[in-house]
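Thanks for making the time this morning. I would like to walk through one model, going from its metal site to its packing and then to its cysteines.

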Amino acid sequence: MLSLPLDDGSILCISVRTSSRARRLRLVSGIRGVEAVVPAGYDEDKLQEFVQYKRDWIIKTANYYSRLREKTGHTESDVVYYLGRRYRVRLVKDRLASAIVSDGLGTATFHVTDMRRYKREIEQWYREQTAKVIAERLPGLSARLGLTYNKFTVKRQKSRWASCSKKRNLNFNLLLSAAPAEVIDYVIVHELCHITEMNHSKRFWQLVESADPGYRQHKEWLEDHSPVIGVQGL
Ligand SMILES: [Zn+2]
């Protein structure tokens with residue numbers, strides 16, 4: 001945790017996360033606060049320097065999000081991402097669980113059977129959406145790349161978007177449907193490529209790039225949004 005003293009005497013906290021996958025230092029500002037994602041072995045003085053250099057930007061975005069939190073009365077659990085878009089959560093007590101996502105209103109209305117367990121019900125909804133998207137996209141991409149998998153599962157995973165086992169079983173994080181369609185495709189392609197290359201070698205990334213020329217951007221979307229959605233790394 002880093003602290004940035006402000007002119008009014010208060011202190012802004014910046015959480016620091018070390019990532020072996022990060023190639024460069026980055027700052028991510030979101031509704032939950034400001035986070036620094038630091039490559040492994042990064043010099044702490046340099047981090048301090050970078051934070052000072054980015055001071056104006058940090059304060060500006062932190063103010064923006066704190067105003068947004070106040071204005072909307074939102075806490076982190078009141079927002080969901082679905083297919084790359086951000087929605088305000090509305091909860092309605094009902095006899096049957098269901099969800100209505102409205103692009104026009106920017107809301108996701110969850111009809112929940114038990115208000116105390118609404119997070120469980122939202123998770124279940126994510127699980128179903130993710131399973132549907134994977135079932136739609138995976139067979140076609142597998143055929144296109146000529147890479148055959150055994151089976152796929154959608155799981156609750158804390159720190160990974162997806163993984164591939166030696167037995168060619170693919171696991172996908174139940175929150176994956178939070179990402180835009182092209183990013184979901186990238187994650188599928190990434191795991192399929194692990195069927196022939198069980199590593200992150202140069203050859204692996206060349207294979208990914210030939211299947212998804214825009215993969216760098218898609219990877220970056222995940223890196224930027226993982227702290228907000230609650231998943232780290234791939
Ligand atoms: Zn990988």
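Before the metal site, a word on the term: a donor here is an N, O or S atom within 2.8 Å of the metal, and since water is not among the atoms, a site may look incomplete. Please also keep in mind throughout that this is a predicted model.

With that in place, the protein donors of the zinc ion are the NE2 atoms of H190, H194 and H200, which lie 2.0 to 2.1 Å from the ion. Along the chain, these donors follow the spacing H-x3-H-x5-H. As for how accessible they are, H194 has a relative accessibility of 8% and therefore counts as buried, whereas H200, at 39%, counts as partly exposed.

Let me turn to the packing. The largest nonpolar core contains 46 residues, and those with the most contacts inside it are V80, F110, Y126, F172, I188, L192 and V208. Because domain 2, residues 76–118, and domain 3, residues 121–229, both contribute residues to this core, it lies between them. There is also a second, separate core of 13 residues, which includes L4, I14, V34 and A62.

F110 deserves a moment of its own: leaving aside residues up to four places away in sequence, its contacts are V80, V89, R90, L91, V92, S98, A99, I122 and W125. F110 also belongs to a cluster, linked by ring pairs, whose other members are Y82, W125 and Y126.

How many aromatic pairs does a search of the whole structure find? The search finds eight. In one of them, the ring centres of Y82 and W125 are 5.0 Å apart and the planes stand at 55°, so this pair is classed as tilted. Since Y82 lies in strand β5, residues 79–82, and W125 in helix α3, residues 118–145, the pair ties together parts that are 43 residues apart in sequence. Both Y82 and W125 are buried.

Finally, the cysteines. A search of the whole structure finds zero disulfides. C193 is in no disulfide, and the nearest cysteine sulfur, which belongs to C164, is 10.0 Å away. Is C193 buried or exposed? With a relative accessibility of 1%, C193 counts as buried, while C13, whose relative accessible area is 43%, is partly exposed.

I will stop there and take comments.

Conventions. Residues numbered from 1 in each chain as written. Predicted model: local features only at pLDDT ≥ 70, side-chain atom pairs only at ≥ 80, totals over all residues. Heavy atoms only, no water. Phe/Tyr/Trp six-rings, centres within 6.5 Å; stacked < 30°, edge-to-face > 60°. Helix = DSSP H or I, 4+ residues; strand = E, 2+ residues; numbered from the N terminus. Buried < 20%, exposed > 50% of the residue type's maximum accessible area, 1.4 Å probe, protein only. Donors = N, O, S within 2.8 Å, 3.2 Å for Na, K, Ca; no water. Core = buried A, V, L, I, M, F, W, Y, C linked by side-chain atoms within 4.5 Å. Domains from an automatic or database assignment. Contact = heavy atoms within 4.5 Å. Disulfide = S-S within 2.5 Å.
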